[in-house]
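These are my notebook entries on one protein model. I set out to look up strand pairing, helix packing and the division into domains.

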Amino acid sequence: MNLPVTTLATGVEQMICSNQFGTFFGVSQVVFDEVWNRLVDPHRANVAYISMEIGADPDVFHPVRDVLKQAGIFSSSRPMVNDFLNKYFHGPRKIPNYSGGLGVLAGDTLKSFADLHIPVFAISLLYREGYFSQFVDSKVGQIDHATRWAPESTPTLFQLRDPHEPTEPLTISVPFFNGQLKPTLVSAHVWMKLEISDKLDYFVPEFLIDYCLPGAPAWVTDSAHQLYNAKSTIIKANQRRMLGSAILPLLDVLRFSTDTIHLNEQHGATVILHLILQELQTTLGDDFLEQMTDANIITAAEKVSRKIVYTIHTPVKAGHDRFSRHLYSTISHSVFDRILNLLAHDTDVPHEYNFTAMAMRINRSINSVSRLHRDVTKKQFPEFGHKIKAITNGVHHLTWISDQRAACFDRIPSLQTWRSDPGCFRTITPECELQLRPMLQSAWHEDNRQLIQYVNNMLRTHREQMVETWIDPPNHLSNVPENEWLRPGVFTIGFARRFSTYKRADLILDDIARLSDILITHNWPVNFLFAGKAHPADEPGKSVLKLILDNQEELFVRSRGLGKLVFIPGYDMQVAKMMVSGVHAWLNNPKRPLEASGTSGMKAAMNGAPNISIMDGWWVEGYHGGQTGWKFGYEGPVEKADLSEAPDALLYTEDASAFYDLLPSILQTFYERPDDYMKKALNNLRLNIPIFNTHRMAAEYVNQYSLQLAPEVRDKIDLLSQLYTSEENASNQQAVVRNLANP
Ligand SMILES: *Cc1c(COP(=O)(O)O)cnc(C)c1O
């Protein structure tokens with residue numbers, strides 16, 4: 001392993017640093033000052049990355065912990081350092097500030113920015129009840145309850161101190177206009193999480209705004225406790241405001257300079273309103289209210305546009321925030337109402353403000369998250385079609401490649417740089433494959449063994465806990481003898497993601513008789529492992545989850561015990577990592593083209609596991625004519641596609657049938673031609689790691705920002721940009737330009 005143990009040559013005390021906002025742990029003072037000084041330098045711009053959720057559990061990836069462990073440092077004689085170490089080794093590590101794909105992508109992106117030394121800081125909210133914790137009962141289905149966690153004892157998380165009164169937390173005052181001209185100022189505390197680079201030589205700070213202070217009004221705490229609380233529209237609108245309205249006050253207090261605000265989805269879009277208000281005040285003076293015209297607003301909006309970079313993540317309507325004009329005017333400023341009338345009007349639903357429409361209008365660049373999603377977004381927003389570009393998502397390879405697989409790569413000479421350069425997998429030669437093949441095979445075997453062991457232990461725990469918890473074990477297998485539980489080496493298919501109806505988790509159960517026949521005919525056993533949460537207010541999503549549970553027994557019985565379907569409750573990053581590396585194939589069967597990108601399949605691909613997927617989202621780009629996995633189902637043109645989430649019974653049956661048509665050949669490859677199966681795994685490393693990593697994606701984002709970068713950072717970004725161009729025409733255009741210049 002090439003971890004920077006030398007960092008510790010002078011002792012763990014080197015890993016402590018401080019400034020007027022507190023004392024932190026994980027990087028040296030030199031590194032800390034270098035990063036912070038850049039962020040406060042008024043002459044150099046930085047990027048503010050705004051996201052409603054950020055998923056970066058230190059459980060799953062944390063270089064500081066790895067270095068400490070490797071160096072055998074578990075305590076220190078300095079009490080303060082010891083406290084930090086204790087947190088690392090004994091504290092709870094989960095930071096439940098995400099619901100799924102959007103948040104995990106944000107976390108992966110920030111980690112890559114840190115690895116690449118890009119001057120970025122992130123802003124999000126701190127949710128003291130997280131998203132929600134999931135129990136599953138076979139009779140009831142999903143049971144949700146508030147997550148308990150303690151930010152105070154979570155490593156990598158620090159509450160900022162007040163520079164003038166260091167014993168007190170830093171308090172910022174966030175303005176909320178509740179239908180009046182003068183703002184109500186609401187206090188919030190600020191937590192900082194450090195996304196520290198793999199080599200501990202850089203970091204990206206994440207600022208999490210905490211509104212749950214003693215004495216805070218109920219309208220604030222109602223919206224601050226829980227991510228995506230959907231109890232009422234006003235709670236939802238307030239939650240968005242809490243994010244968007246905190247940005248400028250926080251920048252003020254920290255004295256950070258930025259000329260790019262990257263909106264990861266439109267949730268934080270109210271910052272646009274505040275920026276326009278500020279601009280109007282600056283240009284028209286204090287009596288701007290009396291003077292201002294619509295033309296003034298448009299001019300101000302154009303100026304603000306130059307600051308905004310916007311990423312849209314979904315074509316699904318529920319993902320676009322709309323609020324009734326009437327409701328919004330009760331939590332607004334009269335100027336905001338005028339701005340929204342001009343910029344957030346929705347031609348389809350005139351009595352609503354559409355925040356996606358506003359984000360579409362006010363920006364200097366828009367990107368969707370895959371090529372197919374770009375085409376869909378253009379169809380949905382034809383007015384902005386010329387601005388919408390693709391930047392295909394990626395995942396942070398250092399987070400998602402399992403330890404076993406990582407150890408293989410470390411042993412291959414031509415892959416020595418894989419940690420900093422995920423592009424190096426392109427160079428895998430046939431000789432290199434020969435060397436890698438047996439190692440990868442045994443690493444995969446071990447990851448599969450660990451996953452199966454985890455599942456069997458879980459089945460036992462559920463059975464034993466039944467008496468105390470009154471929860472019926474979610475899985476039928478908990479009720480059968482242990483010798484019929486899962487065995488390692490049996491073909492295992494994974495499926496884990498949010499339970500939204502368009503993701504159609506139950507698709508493969510459409511015809512259990514047919515599925516069972518396939519297994520019985522050739523005596524092929526198969527494990528199906530499912531996980532994922534349905535939003536507590538998503539009743540149809542919860543019904544799909546329940547359906548999965550309800551069908552387990554029938555599949556087991558009809559297939560004579562060959563088909564075993566297990567649901568793993570409490571899907572989170574740790575379960576995700578275990579699944580993507582422990583299964584033999586990853587399944588995705590959404591209603592095309594509603595899966596804008598999908599990232600869990602990329603995590604599987606990084607570990608070599610082939611995908612079996614509908615041609616949707618990233619898979620259109622990752623399929624490589626069948627070299628890396630299998631495709632099935634409808635793949636007609638997006639022009640004809642139905643973008644509603646409503647189930648389409650005919651399409652559903654056809655796609656399910658296509659899966660059954662395909663399955664025998666997959667099973668045959670796995671059981672009878674294992675070399676061919678391994679070839680697909682190796683192809684995934686060679687063809688997909690270089691594309692679907694967040695280093696490459698971050699490089700494409702950096703090209704949208706205007707940043708002065710150190711020459712060595714610029715070079716690195718240029719190299720990564722060459723790995724792939726999400727805009728397929730861009731490379732052609734470059735080629736044309738080059739040809740013109742060099743005829
Ligand atoms: C990767 C990940 C997701 C997103 O998966 P998709 O395939 O994009 O739906 C959701 N939740 C967790 C915990 C993840 O790790």
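**Entry 1: a strand pair.** I record at the outset that the model is predicted. I began with strands β19 (residues 491–496) and β20 (residues 526–531), which run parallel and are joined by 6 bridges. To fix the register, I looked up one residue: Thr 492 has Asn 527 of β20 as its bridge partner.

**Entry 2: the sheet around the pair.** I then asked in what order the strands of the open sheet follow one another. I found 6 strands in the order β21-β20-β19-β22-β23-β24, with parallel pairing. β21 (563–568) and β24 (629–632) are the edge strands; each has a single partner strand, so one side of each lacks a neighbour in the sheet. I noted an average turn of 20 degrees between neighbouring strands of this sheet, direction ignored.

**Entry 3: a helix across the sheet.** I looked up which strands helix α17 (residues 430–469) lies across. They are β19, β20 and β21, and the helix runs at about 75 degrees to β21.

**Entry 4: α8 and α12.** I next examined helix α8 (residues 270–284) against helix α12 (residues 334–343): their axes come within 10 Å and cross at roughly 115 degrees. I therefore entered α8 as roughly perpendicular to α12. The crossing in which α8 passes α12 is right-handed. On the α8 side I listed Leu 273, His 274, Ile 276, Leu 277 and Leu 280, which meet Val 335, Phe 336, Ile 339, Leu 340 and Leu 343 in α12. By class, I recorded 9 nonpolar residues, 1 polar residue and no charged residues in this contact.

**Entry 5: α4 and α25.** For helix α4 (residues 101–115) and helix α25 (residues 694–702), I read an approach of the axes within 9 Å and a crossing at roughly 80 degrees. I therefore entered α4 as roughly perpendicular to α25. The α4 residues in contact are Leu 105, Asp 108, Thr 109, Ser 112, Phe 113 and Asp 115, and those of α25 are Thr 694, His 695, Met 697, Ala 698, Tyr 701 and Val 702. I recorded the classes in this contact as 6 nonpolar, 4 polar and 2 charged.

**Entry 6: domains.** I took the bounds from the domain assignment of the protein chain: domain 1 (5–268), domain 2 (400–635 + 642–691) and domain 3 (696–741). How far apart are the centres of domain 2 and domain 3? Over C-alpha atoms, I noted 34 Å. Between these two domains, 8 residues of domain 2 are in contact with 6 residues of domain 3.

Terms used
Residues are numbered from 1 along each chain as its sequence is written. This is a predicted model: local features need pLDDT of at least 70, side-chain atom pairs count only at pLDDT 80 or more; totals for chains, interfaces and linings use all residues. Side-chain values use heavy atoms; hydrogens and water are left out. Two strands pair if DSSP finds at least two bridges between them. Helices (H or I, at least four residues) and strands (E, at least two) are DSSP runs, numbered from the N terminus. Axes are lines fitted to C-alpha atoms, for helices over the stretch in contact, and angles run from 0 to 180 degrees between N-to-C directions. Contact means heavy atoms within 4.5 Å. Angles under 35 degrees count as roughly parallel, over 145 as roughly antiparallel, 65 to 115 as roughly perpendicular and the rest as oblique. A crossing is left-handed if the near helix is turned anticlockwise from the far one by less than a right angle, and right-handed if clockwise. Ala, Val, Leu, Ile, Met, Phe, Trp, Tyr, Cys and Pro count as nonpolar, Asp, Glu, Lys and Arg as charged, and the others, Gly among them, as polar. Domain bounds come from an automatic or database domain assignment.
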